[in-house]
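Biologist: Please put the model up. I would like to go through its strands and helices in turn.

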Amino acid sequence: MSSNPIIFFDGMCNLCSSSVQFVIKRDKRKLFRFASLQSDFGQQVMKQFDMDPSELGSVVLYKNGKLYTRSTAALLIAKELSGAWPLLAAFIVVPPVIRNGVYNFVAANRYKWFGKKTECWLPSAEMRERFQV
């Protein structure tokens with residue numbers, strides 16, 4: 001597995017795919033790698049950590065041998081981005097039950113609000129090197 005942090009995302013979700021593109025644009029150090037939860041690699045890693053990717057409804061961050069989900073994953077990702085985005089990491093002090101409540105509400109409605117693809121989003125040729133297969 002990559003020594004870089006890996007962001008696992010729902011490749012069928014328009015919001016999730018847009019979020020990956022958002023991170024790529026602001027990840028000036030090219031720190032993050034990416035994989036869809038639906039990919040063989042994503043399925044294998046989730047199984048390794050006894051997580052069912054179909055139940056997550058979440059972005060998942062693999063970093064330093066641990067998996068982080070939901071708002072914790074999002075805040076840890078924001079912490080590494082360029083610009084003012086690392087300031088969002090201050091919200092890590094908010095209890096997870098509150099942070100994840102907001103996160104879960106958006107996640108539960110993401111297909112309704114942002115739509116769903118019939119096929120997983122594929123990165124461009126220049127981005128492909130940052131994706132796990």
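The exchange below deals with strand pairing, burial and a surface patch.

Modeller: This is a predicted model, in which local features need pLDDT of at least 70 and side-chain atom pairs count only at pLDDT 80 or more, while totals for chains, interfaces and linings use all residues. Residues are numbered from 1 along each chain as its sequence is written, and side-chain values use heavy atoms, with hydrogens and water left out.

Biologist: Is strand 1 parallel or antiparallel to strand 2, and which residue of strand 2 stands opposite Ile7?

Modeller: Helices (H or I, at least four residues) and strands (E, at least two) are DSSP runs, numbered from the N terminus. Two strands pair if DSSP finds at least two bridges between them. Strand 1 (residues 6–9) and strand 2 (residues 33–36) are joined by 4 bridges and run parallel. The residue opposite Ile7 in strand 2 is Phe34.

Biologist: What handedness does the β-α-β unit of strand 1, helix 1 and strand 2 have?

Modeller: A crossover is right-handed if, with the strands pointing away from the viewer, the path from the first strand over the helix to the second runs clockwise. Helix 1 covers residues 14–26, and its unit with strands 1 and 2 is right-handed.

Biologist: Which residue of strand 3 stands opposite Ile6?

Modeller: Strand 1 is also joined to strand 3 (residues 60–63), by 3 bridges, and these two run antiparallel. Ile7 stands opposite Leu61 there. For Ile6, the residue opposite is Tyr62.

Biologist: Which residue in the turn of the hairpin of strands 3 and 4 has a positive phi?

Modeller: Strand 3 is joined to strand 4 (residues 66–69) by 4 antiparallel bridges, with Tyr62 partnered by Leu67. The hairpin has 2 residues between its strands, and the one with a positive phi, about 50°, is Asn64.

Biologist: How many residues of helix 4 are buried?

Modeller: Buried means under 20% relative accessible area, exposed over 50%, partly exposed in between (1.4 Å probe, protein chains only). The buried residues of helix 4 (residues 70–78) include Leu75, Leu76 and Ile77. Of its 9 residues, the number buried is 7.

Biologist: Why is Trp113 called partly exposed?

Modeller: Trp113 lies in helix 5 (residues 96–114). Trp113 is called partly exposed because its relative accessible area is 43%.
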